[in-house]
Amino acid sequence: MKSESVPSGRSALLALQRATHATLQLIAAELVDLDLTASEINALANLADGRGRTVSQLGAAVGTRPTTLTGVLDRLERRGHITRGTRAGDRRSVLIELTESGRAAAALIRQTLADLESRALGALPAESIAGFHAVLDALIEEGS
């Protein structure tokens, strides 16, 4: 059932922005020992599944343009968390992959995100979580 209008008393987008900033602060505090920026954490979290990605694919996953992502990747490569190589059959595509230290950092990041999500959302009913995901999906669709 689609709502006829958005309630005017409280902005969902403003609440989402506030929640995002609060979440980023919590994540940064919990991962302070990694000495990574929020953008670096986001990139590693999106690579945590172990699949290599092209710069374009990773840029789409983290929500940034490939040109903006270059600085993040430069820093992660200098720290030894990623490698950049060519993709088999397509020497023009740069493939980003995690190194051993990158896999360890990404695993810690993913676990920290899972723990935070569990603490924050664990007491909510499944229907509320499903509704939240529906809202996020609608916002993603609007931005695509």
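## A tour from D49 to helix α3

Begin by selecting D49, which is partly exposed at a relative accessible area of 39% (buried means under 20%, exposed over 50% and partly exposed in between, with a 1.4 Å probe and protein chains only). The model is a predicted one, in which local features need pLDDT of at least 70 and side-chain atom pairs count only at pLDDT 80 or more, while totals for chains, interfaces and linings use all residues. Residues are numbered from 1 along each chain as its sequence is written, and side-chain values use heavy atoms, with hydrogens and water left out.

Keep D49 selected and add R51, whose side chain meets that of D49 in a salt bridge at 3.1 Å, N to O (a side-chain nitrogen of Lys or Arg within 4 Å of a carboxyl oxygen of Asp or Glu). R51 counts as exposed, at 52% relative accessibility. Adding R53 completes a view of a network of salt bridges that links D49, R51 and R53.

By this rule the count comes to 7 salt bridges, and two further ones are worth displaying. Select D35 and R79, whose side chains meet at 3.0 Å, N to O. Because D35 lies in the loop between α1 (12–30) and α2, and R79 in the loop between α4 and β2 (82–87), this pair ties together parts that are 44 residues apart in sequence (helices are DSSP runs of H or I with at least four residues, strands are runs of E with at least two, and both are numbered from the N terminus). D35 counts as exposed at 53% relative accessibility, whereas R79, at 34%, counts as partly exposed.

Move next to R84 and D74, which form a salt bridge with their closest N and O atoms 2.4 Å apart. R84 lies in strand β2 and D74 in helix α4, so the pair ties together parts that are 10 residues apart in sequence. R84 counts as partly exposed at 29% relative accessibility, and D74 is partly exposed with a relative accessible area of 29%.

Now select helix α3, residues 55–62, in which V55, L58, G59 and V62 are buried. Looking down the axis of α3, you will find these buried residues within an arc of 105°, so they line one face of the helix (the arc is that of the directions from the helix axis to the C-beta atoms). The face turned away from that buried side carries the exposed residues S56 and A60. To see what covers the buried residues, show the elements that include α2 (38–47), β1 (53–54), α4 (66–78) and β3 (90–98). Just after α3, stop at G63, which takes a positive phi of about 80°.

With α3 still displayed, bring in α2: the axes of the two helices come within 10 Å and cross at roughly 110° (axes are lines fitted to C-alpha atoms, for helices over the stretch in contact, and angles run from 0 to 180 degrees between N-to-C directions). α2 and α3 are therefore roughly perpendicular to each other (angles of 65 to 115 degrees). For the contacts themselves (heavy atoms within 4.5 Å), select N42, A43, N46 and L47 in α2, which meet L58, A61 and V62 in α3.

Finish at R91 in strand β3, an exposed residue with a relative accessible area of 76%. Selecting E40 as well shows a pair 51 residues apart in sequence and 25 Å apart in space, C-alpha to C-alpha.

Definitions and conventions
Angles under 35 degrees count as roughly parallel, over 145 as roughly antiparallel, 65 to 115 as roughly perpendicular and the rest as oblique.
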